[in-house]
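Student: I have a new structure open and I'm not sure how to read it. Can you take me through it one feature at a time?

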Amino acid sequence: MSDEEGRMRNQVDRGEEARKIIENSLFNEAFADLERGIMDVFKESGLSDEKLHRHARESLGLLANLRQCLEQHMITGKAAHTRMLTLKEKGPIARLVSRV
């Protein structure tokens with residue numbers, strides 16, 4: 001296995017793990033509970049508590065970043081899988097020629 005194939009295989013594996021997490025019901029329930037809890041902080045705190053509001057906004061941003069990071073791993077894994085299939089269909093000689 002070449003370095004490129006190993007790297008793509010790793011991306012495919014990581015993408016699959018990310019998909020499993022994103023589709024995991026316990027993860028989604030925990031994620032929703034966290035979002036609800038943060039939104040409750042917004043609703044229950046007074047408008048004058050800027051520090052608490054800023055902290056809640058940052059927390060929501062971090063949750064969104066976590067989901068986006070997992071989704072990006074999944075997208076990268078799918079792209080690597082497609083690339084591996086393309087290389088496999090072309091065969092070893094076609095791969096060598098395409099590198100030149």
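Tutor: Happy to. Start with the order of the elements: from the N terminus on, they run α-α-α. Keep in mind that this is a predicted model.

Student: How many helices and how many strands does the chain have?

Tutor: Three helices and zero strands.

Student: What does the radius of gyration of the chain come to, set against a compact globule?

Tutor: The rule for a compact globule depends on the number of residues. For 100 residues it gives a value near 13 Å, but this chain has 21 Å. You can also look at the C-alpha trace, which spans about 70 × 30 × 15 Å along its principal axes.

Student: And what share of the residues is buried?

Tutor: Buried means under 20% relative accessible area. Here buried residues make up 19% of the 100 residues. The accessible surface comes to about 7600 Å², and 57% of that belongs to carbon and sulfur atoms.

Student: How do I read the way two helices meet, say H1 and H2?

Tutor: Look at the distance between their axes and the angle at which they cross. H1 covers residues 3-23 and H2 covers residues 25-44; their axes come within 5 Å and cross at roughly 60°. The two helices are therefore oblique to each other.

Student: Which residues make that contact?

Tutor: On the H1 side, Ile21, Ile22 and Glu23; on the H2 side, Ser25, Phe27 and Asn28. Sorted by class, that is three nonpolar, two polar and one charged.

Student: Now a single residue. Is His53 buried or exposed?

Tutor: Relative accessibility settles that, with buried meaning under 20%. His53 has 12%, so it counts as buried. This residue lies in helix H3, residues 50-99. Setting aside neighbours within four places in sequence, His53 is in contact with Phe42, Ser45, Gly46 and Leu47.

Student: What about His73, which is in helix H3 too?

Tutor: His73 has a relative accessible area of 27%, so it is partly exposed. Leaving out neighbours within four places in sequence, its contacts are Gln11, Arg14, Gly15 and Ala18.

Student: How far apart are His73 and Arg19 in sequence and in space?

Tutor: They are 54 residues apart in sequence and 8.4 Å apart in space, C-alpha to C-alpha.

Student: And what share of the contacts in the chain joins residues at least 24 apart?

Tutor: Take the contacts between residues at least 6 apart in sequence: 71% of them join residues at least 24 apart.

Definitions and conventions
Residues are numbered from 1 along each chain as its sequence is written. This is a predicted model: local features need pLDDT of at least 70, side-chain atom pairs count only at pLDDT 80 or more; totals for chains, interfaces and linings use all residues. Side-chain values use heavy atoms; hydrogens and water are left out. Axes are lines fitted to C-alpha atoms, for helices over the stretch in contact, and angles run from 0 to 180 degrees between N-to-C directions. Helices (H or I, at least four residues) and strands (E, at least two) are DSSP runs, numbered from the N terminus. Angles under 35 degrees count as roughly parallel, over 145 as roughly antiparallel, 65 to 115 as roughly perpendicular and the rest as oblique. Contact means heavy atoms within 4.5 Å. Ala, Val, Leu, Ile, Met, Phe, Trp, Tyr, Cys and Pro count as nonpolar, Asp, Glu, Lys and Arg as charged, and the others, Gly among them, as polar. The radius of gyration is taken over C-alpha atoms; the globule rule is 2.2 Å times the number of residues to the power 0.38. Buried means under 20% relative accessible area, exposed over 50%, partly exposed in between (1.4 Å probe, protein chains only). Accessible areas come from the Shrake-Rupley method with a 1.4 Å probe; for residues, only the protein chains shown count as cover.
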